[in-house]
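Please look at the sequence and the structure shown below before reading on. This report describes a surface beside DNA and then some features of the protein itself.

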Amino acid sequence: MRTTSLTPKIAKQIKIPKRNDDRIILHFVCSAFDYDCFYASVFENENPSLKSQPLGIKQKSILATCNYVARARGVKKLMLISEAQKICPDLILMNGEDLTRFRDVSKKLWAFLRAHSWNRRVERLGLDEVFLDVTDIIAYNRELLNVHALGTSFFQLDRNDPVKGFAFDGSRFYGCTQPDDKLRADRGLVDVENPLCVRLMLASHLAGYLRRKLDEDFGYTSSGGISTNKLLAKLAGNVNKPNNQTTLLAKGGDGADAVEAFMDTHSIRKVPGIGSRIAQLMEEYLLSRPAKLRDREGNNVTIGEARRCPGMSSDLLEQILDRPGAERGSGEKVWNFLHGVDLSEVKEASDVPTQISIEDTYMSRPLQTPAEVNQELHTLATSLIRRMRVDLTEAEIKPTVQSNTTSCGTPHWLAYPKTLRLSTRTKSKQSIPASSTSTNGAEVPNFSRSSRSAPLPSFVFQFSPPSPSTSSLPSTSTCPSPATLSCEEIASRLVTESLLPLFRRLHPSRGGGLNLALLNICVTNMVLVARDEVNSGSGSGPGSGSSMAPGRDISRMFRTQEDKLREWTVYDTSPFPASAAPHPPSAPPSDIDINTTSNLIRYTAPTGESTDGYPRDDEAIADLVMMEDEDEDEESDAQFQGRRLP
DNA sequence: CTGGGCGAG
DNA sequence: TCTTCTCGCCCAG
């Protein structure tokens, strides 16, 4: 069909992307093998006696993952619980539907790595993966290197403190390399004349140090990849899992391009950034072309095959991938990937997420009645409010990570989400797997989510002590705060005033037979609060912030290197004040622009009266809801308000 | 700005 | 049986 009619442009010059070796990128995967093994590791760390027993993590009716004791007994991840229990009757099952504990561990590990960065380029991917751009640290340490005493080198982790760091043997790589010619006498040795080789060697020792600390200090093993961009670092890390690292060398022992050889062994689906949709489109094209690629089982087109396909080019790929809504420039992006080139930057660490969402699925028993929906929305909304308090607020005095105490300062919001979104999915009888392609025009009505959004009312920002749910004490005992509302109270109001109107927009038909397999609620569109002079004490809402003084606010985000590393030294456990007194010992890097750190918007609080935009007027929203309600059937409203018990 | 698609784990 | 529970980016309208 469409794709097969594409013809390579013959006369056009094909540009071959050139790798850029300026950067050094590290990639870590904690408790590798697969991401959800991380879940098992978290439970094992909470309760070490589990390590010797078969442990499974369940989510709904399936086993999300299991530890290696369980795997040795034949239990597999993604198995049905019933099946797993048949195979292994003494399987210990933990519920992994609530991700809180995994998030907490993930944050801790991420904070550790972040403390070692000099440039804030520390990007999280999922809960258990992190990229670091360590170009600057490596450049600095390369200058320190004494080529005549490589064996007794010292890696400096802090520019301002020559003692902070570790000793290493600079004549060798740490961990594994790729390629790794075991027959060569110079295996693992460094070509001192080659600057890139030296930088990769240094990075291998840094990665090794960080992985050792992750293991020793936190109890999490990890795999690591070391290369010159995110793509290569990530693929390299896959080579020696779960508890080792791989440095991708530019040249093999024979001087051939090792990166290209390395890339060519992978199937295109292994490339992060080439997902199912892109891979499918590429395969449709490639498998219809050369005879060699055609009649073979499985669509495992390799990178080498795609790259060497006659006429293949950035432009051809752009055509192949062109479809309504397609990302522009993805042809060039994929063409770059095929050559081991990835121009994307490691994003800077951000203190606030761009969205927070909570969802639950009801596959085995879809929700049918509005009363059920009401009940579930309440549960979800309560979790969402709790999460907002955890992830979008900060106590005035920041707790130290080691002591793990939540200090009793007046918490304040770091950001206000502007938008609330409700998504649902109905259970469809004939859910067609993505692999089956519609042959002509008629797109498969692939069951997917639909959503509606509305402004998030500001009463959700009424404060209360941090996470009363996790405290064993009655919530009144600590940090009494004015204008305190519990998560449940806020959730109830949110359901009736915002979520139900949204739900009715999504599902105008009344009565039962809703057949919902998924509910998701999400807050997004974050507006960062300038948190300088915190308006402590007030039940701060989006309108109550004082005007900001951006200078101090930003400098606070760039604490000095000593400050950050101090968090991880054994002897100094003193908490540092969050907004310490004027503290400009080392100026923040001038090249950092707050606008590039995230796509979050800074919130400038109006100094006087409220503005026409944000913050909104609750009453107006309430009115809107009332008006909408008016043309609704009252009986059905009563159904929505009703609480149904299981 | 909204609603959907895709890609990551 | 494409499963679970997310998060982020990008697009068109």
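The residues of the surface near DNA strand C divide into 10 nonpolar, 8 polar and 10 charged, where Ala, Val, Leu, Ile, Met, Phe, Trp, Tyr, Cys and Pro count as nonpolar, Asp, Glu, Lys and Arg as charged, and the others, Gly among them, as polar. A residue is called near a molecule or strand if one of its heavy atoms lies within 4 Å of it. This is a predicted model, in which local features need pLDDT of at least 70 and side-chain atom pairs count only at pLDDT 80 or more, while totals for chains, interfaces and linings use all residues. Residues are numbered from 1 along each chain as its sequence is written, chains are lettered from A and ligands numbered from 1 in the order in which they are written, and side-chain values use heavy atoms, with hydrogens and water left out.

In total, 28 residues surround DNA strand C, and the closest are Lys60, Thr354, Ser357, Thr361 and Arg387. Of the atoms of DNA strand C that come within 4 Å of the protein, sugar and phosphate account for 77%. Strand E12 (residues 355-361) gives the most to this surface, with 7 residues; helices (H or I, at least four residues) and strands (E, at least two) are DSSP runs, numbered from the N terminus.

The table lists polar contacts with the DNA, a polar contact being a pair of N or O atoms within 3.5 Å.

| Protein atom | Partner atom | Distance |
|---|---|---|
| Lys60, polar side-chain atom | phosphate oxygen of DNA strand C | 2.8 Å |
| Gln355, backbone N or O atom | phosphate oxygen of DNA strand C | 3.1 Å |
| Arg387, side-chain N or O atom | phosphate oxygen of DNA strand C | 2.2 Å |

Lys60 also has a backbone feature to look at, since most residues other than glycine have a negative phi, and most peptide bonds are trans. Phi of Lys60 is near 55 degrees, a positive value in a residue other than glycine, and Lys60 lies in the loop between strand E2 (55-59) and strand E3 (62-66). Elsewhere, a cis peptide bond with omega of about 0 degrees joins Gln178 and Pro179, and Pro179 lies in the loop between strand E9 (176-178) and H6.

The packing of helices comes next. Two packed helices are described by the angle between their axes and the distance between the axes. Axes are lines fitted to C-alpha atoms, for helices over the stretch in contact, and angles run from 0 to 180 degrees between N-to-C directions.

The axes of helix H13 (residues 370-392) and helix H14 (residues 487-506) come within 8 Å and cross at roughly 120 degrees. That angle makes H13 oblique to H14, because angles under 35 degrees count as roughly parallel, over 145 as roughly antiparallel, 65 to 115 as roughly perpendicular and the rest as oblique. The residues of the contact of H13 with H14 (contact means heavy atoms within 4.5 Å) divide into 12 nonpolar, 4 polar and 3 charged.

Helix H4 (residues 100-115) and helix H6 (residues 195-218) pack at an angle of about 140 degrees, with their axes 11 Å apart, which makes H4 oblique to H6. Their contact is made by Lys108, Leu109, Phe112 and Leu113 of H4 and by Leu210, Lys213, Leu214 and Phe218 of H6.

How are H5 and H6 oriented to each other? The axes of helix H5 (residues 135-144) and H6 come within 9 Å and cross at roughly 110 degrees, and the two helices are therefore roughly perpendicular to each other. By class, the contact of H5 with H6 has 7 nonpolar, 2 polar and 2 charged residues.

Key: A polar contact is a pair of N or O atoms within 3.5 Å; within protein, one must be able to donate a hydrogen and the other to accept it, and residues adjacent in sequence count only if both atoms are side-chain atoms.
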